Amino acid sequence: MIRVVLPAHLRTLARIEGEVTLDVKGQPTQRIVLDALEARYPMLCGTIRDHDTQKRRPFLRFFACQEDLSHESPDAPLPAAVVSGQEPFLIIGSVAGG
Amino acid sequence: MSKVRVLVGTRKGGFILTSDAQRKKWDVSGPNFAGWEIYHIKGSPVDPNRIYTSQTSPWFGQIIQRSDDGGQTWNIPGGEKLPEPYDPPGGQSNKFAYDTSPETGKPLSTHQWYDGTQHPWEFKRVWHLEPSLTDPDLVYAGVEDAALFVTKDGGKSWQELAGLRGHGSGPQWAPGAGGMGLHSILLDPNNPGRIYIAISAAGVFRSDDTGKTWKPVNKGLKSQYIPDPNAEVGHCVHRIAMHPSRPNVLYMQKHWDVMRSDDAGESWHEVSGNLPTDFGFPIEVHAHEPETIYVVPIKSDSEHFPPDGKLRVYRSRKGGNEWEALTNGLPQRDCYVNVLRDAMAVDTLDSCGVYFGTTGGQVYASPNGGDNWEAIVHDLPPVLSVEVQTLQ
């Protein structure tokens, strides 16, 4: 079970309160987790990564276990603590706007 | 009993203002989609309770919202949470993919950038939504970077009408200060195939075959920054408007100049007349008097506020050239707001109501064609767009 924490605006968009929990098959990666998230909440398609290129939107970052995973390969295995559900996979909007 | 519903898009959410036909007492609801930029909200002429919203954010991109109950509840078309097992694909309502296929368009990869170099086309947001006059599921969307999209399934999916960018003049299109947006879409009620669109800064284009092919219709426009006096495209058109009873007559607020065409855009002539300045953004037509038009003069392209700190709507009852200032109820000192291109609209009650929103967060209404004004609300976020629905 993977725990995902979304920014407040995306929680509102998806009508989610608190964390999302996702069951994913195989070795979890960013891509697999985001695929599962978008499959369950289609309204989030295109809000976290580009529809076609699947690239992370520029003002969003991915964190887990106090590490910035934003520039990791989307196909790299997620940390064991995320896979076990001990730690959440965090999607964070950049602080911008002064 | 008639009722008026004013749909207001702002920098930080959408608001719905409602009143009875007297238009004296207003209820304000919102913000919907709080914290997001709401570029445009517009209802279907066929089914007024069907309302579409363009919701955007630099962080999360474009969202299309739809209400089927007059704005009480909203949903992302095709974005419903799915039960297991999931059955993708869904979530295509915010996918605005430029058509690059050789079958349906002539792919254009670049337009002119601010410095004159060529720049790739990049989708940024939907500026304007124009629901069909006959089908509540069909909506046109004008986007930045400029292109026209259409949905035929109530917003679940969008396809580009690629003939517009395929016209071939794209390398001469350039962004205005606010970006290269397709901001005006006019549908001819007498000719279902005819559509006018306007782009800043490319100009006006007309299609006579429901958007398959397009021609620029900019003859007569003069723009100081374009060396060629007969340039077919490149003009910074801020807004175009028509009266539905006379769709061959078009009015235009250009970067500078207020213009008029009496031949469906084939030629334009200036009607700025005695305006104190002919720079501005919106232009609108009275609901029952096709020769009565409204503009809000702005001091200049670098000083986006009314001249002399006086907020004045100007009305011409002769289709231009002769203008009168409408000031009753509007601030006449120390006013330095702007009125953006999509932020003026009219209702269709017997005594035509005129409405506009400002970058200072006020929405002003006149229940008598501009003679008297009153602020419906004073302190919204900066207003991006105003649309009005007259409900029976």
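**Entry 1: chain A, order of elements**

I began by reading chain A along its sequence, and the pattern I noted was β-α-β-α-β-β-α-β. That gives three helices and five strands for chain A. I remind myself here that I am looking at a predicted model.

**Entry 2: chain A, overall dimensions**

I then looked up the extent of chain A, and its C-alpha trace spans about 35 × 25 × 25 Å along the principal axes. A compact globule with 98 residues would have a radius of gyration near 13 Å, and because chain A has 13 Å, I wrote down that the two agree. Of the 98 residues in chain A, buried ones make up 30%. When I took the contacts in chain A with a separation of 6 or more, I found that residues 24 or more positions apart account for 54% of them.

**Entry 3: helix α2 of chain A**

Which residues of α2(A) are buried? I listed A:Gln30, A:Val33, A:Leu34, A:Leu37, A:Glu38 and A:Ala39. I next looked for what covers these buried residues, and the cover includes four strands of chain A, namely β1 (2-5), β2 (20-22), β3 (60-64) and β5 (89-93).

**Entry 4: where the two chains meet**

How many residues of chain A are in contact with chain B? I noted 19 residues of chain A, in contact with 19 residues of chain B. On the side of chain A that touches chain B, the elements that give two or more residues are α1 (8-14) and α2 (30-40) of chain A. I also sorted the residues of that side by type, and they divide into 10 nonpolar, five polar and four charged. Helix α2 of chain A therefore appears twice in my notes, with its list of buried residues and among the elements that touch chain B.

**Entry 5: chain B, overall**

Turning to chain B, I found zero helices and 29 strands. Its C-alpha atoms fill a box of roughly 60 × 50 × 40 Å, taken along the principal axes. For 392 residues a compact globule would have a radius of gyration near 21 Å, and chain B has 20 Å, which agrees. Buried residues make up 52% of the 392 residues in chain B, and residues 24 or more positions apart account for 51% of its contacts with a separation of 6 or more.

**Entry 6: a sheet in chain B**

I picked out an open sheet of three strands in chain B, which stand in the order β4-β5-β6 with antiparallel pairing. Why is one side of β4 (37-43) and of β6 (61-67) left without a neighbour in the sheet? These two strands of chain B stand at the edges and each has a single partner strand, so no neighbour is left for the other side. Neighbouring strands of this sheet are turned by 15° against each other on average, direction ignored. Between β4(B) and β5 (residues 51-57) of chain B, which run antiparallel, I noted six bridges. For B:His40 the bridge partner in β5(B) is B:Ser54.

**Entry 7: one proline in chain B**

Finally I looked up B:Pro290, which lies in the loop between β21 (283-285) and β22 (293-295) of chain B. Is B:Pro290 buried, partly exposed or exposed? It counts as partly exposed, because it has 17 C-beta neighbours inside 10 Å, while a buried residue needs 20 or more. Leaving out residues up to four places away in sequence, B:Pro290 touches B:His243, B:Ser245, B:Arg246, B:Val249 and B:Val285. From B:Pro290 to B:Arg246 I noted 44 residues in sequence and 7.2 Å in space, C-alpha to C-alpha.

How values were computed:
Residues are numbered from 1 along each chain as its sequence is written. Chains are lettered from A and ligands numbered from 1 in the order in which they are written. This is a predicted model: local features need pLDDT of at least 70, side-chain atom pairs count only at pLDDT 80 or more; totals for chains, interfaces and linings use all residues. Two residues are in contact if their C-beta atoms, placed from the backbone, lie within 7 Å. Ala, Val, Leu, Ile, Met, Phe, Trp, Tyr, Cys and Pro count as nonpolar, Asp, Glu, Lys and Arg as charged, and the others, Gly among them, as polar. A residue is buried if 20 or more other C-beta atoms lie within 10 Å of its own, exposed if 12 or fewer, and partly exposed in between; C-beta atoms are placed from the backbone. The radius of gyration is taken over C-alpha atoms; the globule rule is 2.2 Å times the number of residues to the power 0.38. Two strands pair if DSSP finds at least two bridges between them. Axes are lines fitted to C-alpha atoms, for helices over the stretch in contact, and angles run from 0 to 180 degrees between N-to-C directions.
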